[in-house]
Amino acid sequence: MRLTAGTRTAGRLRTRAGRAVRESRQRMRLYLIVALQAGVAAALAWLVARELLRNPEPTFAPAAAVGVIAASLGNRAHRALELVAGVVLGIGVGDLLISLFGTGPWQTGAIVFLAITASVLVRGTGALMTQAGGTAVLIATLTPTAPDLELPRTINALVGGAAGLFVMLVLLPLNPMRMVRRSAEPALNLFAREMTASAQALAEADWGRARAVLDRMRAADPQLRQLVAVTTAADEVVRLSPVRWRRRRAIATYRAGVTHMERAFRNSRGLVRRIGTTLRDEEPVPAALPAAVEHLGEAVRLLHREFVAAQEPVRARERVLHAVREAGVAGRQDLGFSGTIVVSQLRTAANDLLRATGVPRDEARRLVREAAAG
């Protein structure tokens, strides 16, 4: 018995390690282009500030450029403007107070306090406050060795922000389709895999397996958040980058689909929780119920394949409705309280999946009602 338990623990550890490696590889592929953008933007900002504008101290130009590129994948252009505004605010407050009170430890603390307070007064977000405070620190520490640089510092910040935006939107824009596909693959694979595992747990009356599935689905929130962030970033790229404008319609469709896919996943998590309750309470489980959950997982697999192949997700829609029909058969048989809720949750998730395939809201509801009625 101990050997069996140890073997199972080792197997779970290997599974987790393999998943961590895959996630790290996926994250590396996603952010490698961001690292390249940051390097190019920093070099470009330094060259413009030092060689073209002849600023003697171009530090703030590459710093602002890197800050723009390093902003979160979603809403990077908006965050870039906030970052540059924060840098300019920090420079202005720092230079003003240093000219009045000089430099030193208490002056540095006062400069940071007032810079962040000023950013709060203009209703800035965390990004603006961070940049204003950080820049004020640099001003307080650099001024004794490099005085009279107020205007060059401000210009450097503007140059860096412009360089970052130019690299991000024109010179090296992210490939929006590749971004979304790479991020969607692990999320959809996980969704389909856990639906299959839930169906097996339900068919075999294995409450422990159902509980493990629920734990894994609860731990999947980072992948969902990354998928949403990447899709938002892709949408921003196709809206602002002339190089990617031709992808606007496709990305808009994918972004709407991801929103409904996220809802389907969260509703399916509630479905799995109720499956666990059904098994724990030893309620009756008609054969059609695990079959319905299995078909729901297969629909996610089909949606992924058709998504990657850029095909109309016809087969995925058909499989979703097949899952609803099977759930309807189960609902007309002997079910307990939790089993009835499983059927209801499956219909809700099915509606979300149909919306993810591009079916309008009213049409999705009609199709689910008709399939449930048999």
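Arg266 and Glu262 sit 4 residues apart in helix H10, which is about one turn of the helix. This is a predicted model, and that helical pair is a handy way into it: Arg266 and Glu262 form a salt bridge, with their closest N and O atoms 3.1 Å apart. The count for the structure comes to 15 salt bridges. Below is a quick tour, starting with charges and moving on to rings, surface and loops.

**Salt bridges around H10**

- Arg266 is partly exposed at 32% relative accessibility, and its partner Glu262 is partly exposed too, at 21%.
- Arg269 pairs with Asp221 in another salt bridge, at 3.1 Å from N to O.
- That one ties together distant parts of the chain: Arg269 is in helix H10, Asp221 is in helix H9 (residues 221-240), and the two positions lie 48 residues apart.
- Arg269 counts as buried because its relative accessibility is 13%, below the 20% cut-off.
- Put together, Asp221, Glu262, Arg266 and Arg269 are linked in a network of salt bridges.

**A salt bridge in H14**

- Arg366 and Glu363 also meet through their side chains, with 2.5 Å from N to O.
- They are 3 residues apart in helix H14 (residues 361-373), so about one helical turn separates them.
- Both ends are partly exposed: Arg366 has a relative accessible area of 30%, and Glu363 comes in at 31%.

**Rings**

- The structure holds 1 aromatic pair.
- Phe191 and Phe265 make up that pair, edge-to-face, with 5.3 Å centre to centre and 75 degrees between the planes.
- Here again distant parts of the chain are linked, with Phe191 in helix H7 and Phe265 in helix H10, 74 residues apart.
- Both Phe191 and Phe265 are buried.
- Over at Trp207, the charged end of Arg211 sits over the ring, 4.5 Å from its centre.

**Another look at H10**

- Arg263 also lies in helix H10, which runs over residues 248-280.
- Arg263 is partly exposed, since its relative accessible area is 44%.
- The C-alpha atoms of Arg263 and Thr348 are 9.3 Å apart, although the two residues are 85 apart along the chain.

**Nonpolar surface and an enclosed helix**

- Leu96, Leu100, Phe101 and Trp106 make a nonpolar surface patch of about 490 Å².
- Helix H3 (residues 76-101) supplies the largest share of the patch, with 3 residues.
- Phe101 is found in helix H3 and is partly exposed, with a relative accessible area of 48%.
- Helix H2 (residues 60-70) is another story: 8 of its 11 residues are buried, so it is largely enclosed by the rest of the structure.
- Among the buried residues of H2 are Phe60, Pro62, Val68 and Ile69.

**Loops with a positive phi**

- Ala205 has a positive phi of about 55 degrees, although it is not a glycine.
- Ala205 lies in the loop between helix H7 (176-203) and helix H8 (207-218), and it is exposed at 56% relative accessible area.
- Glu282 likewise has a positive phi of about 55 degrees without being a glycine.
- Glu282 lies in the loop between H10 and helix H11 (288-308), and it counts as exposed at 71% relative accessibility.

**From the record**

- An unreviewed UniProt entry places "transmembrane region" at residues 30-49, 83-103, 110-143 and 155-174.
- In the model, residues 155-174 are 85% helix and 0% strand, with the end C-alpha atoms 27 Å apart.

How values were computed
Residues are numbered from 1 along each chain as its sequence is written. This is a predicted model: local features need pLDDT of at least 70, side-chain atom pairs count only at pLDDT 80 or more; totals for chains, interfaces and linings use all residues. Side-chain values use heavy atoms; hydrogens and water are left out. Patches are made of residues with over 30% relative accessible area and no salt bridge: like charges are joined within 9 Å, nonpolar side chains (Val, Leu, Ile, Met, Phe, Trp, Tyr) within 5 Å. Accessible areas come from the Shrake-Rupley method with a 1.4 Å probe; for residues, only the protein chains shown count as cover. A salt bridge is a side-chain nitrogen of Lys or Arg within 4 Å of a carboxyl oxygen of Asp or Glu. Buried means under 20% relative accessible area, exposed over 50%, partly exposed in between (1.4 Å probe, protein chains only). UniProt positions are given in the numbering used here, feature names are shortened, and annotations may be inferred rather than shown by experiment. Rings of Phe, Tyr and Trp (its six-membered ring) pair if their centres lie within 6.5 Å; planes under 30 degrees apart count as stacked, over 60 as edge-to-face and the rest as tilted. A charge sits over a ring if NZ of Lys or CZ of Arg is within 6 Å of the ring centre and within 35 degrees of the ring normal.
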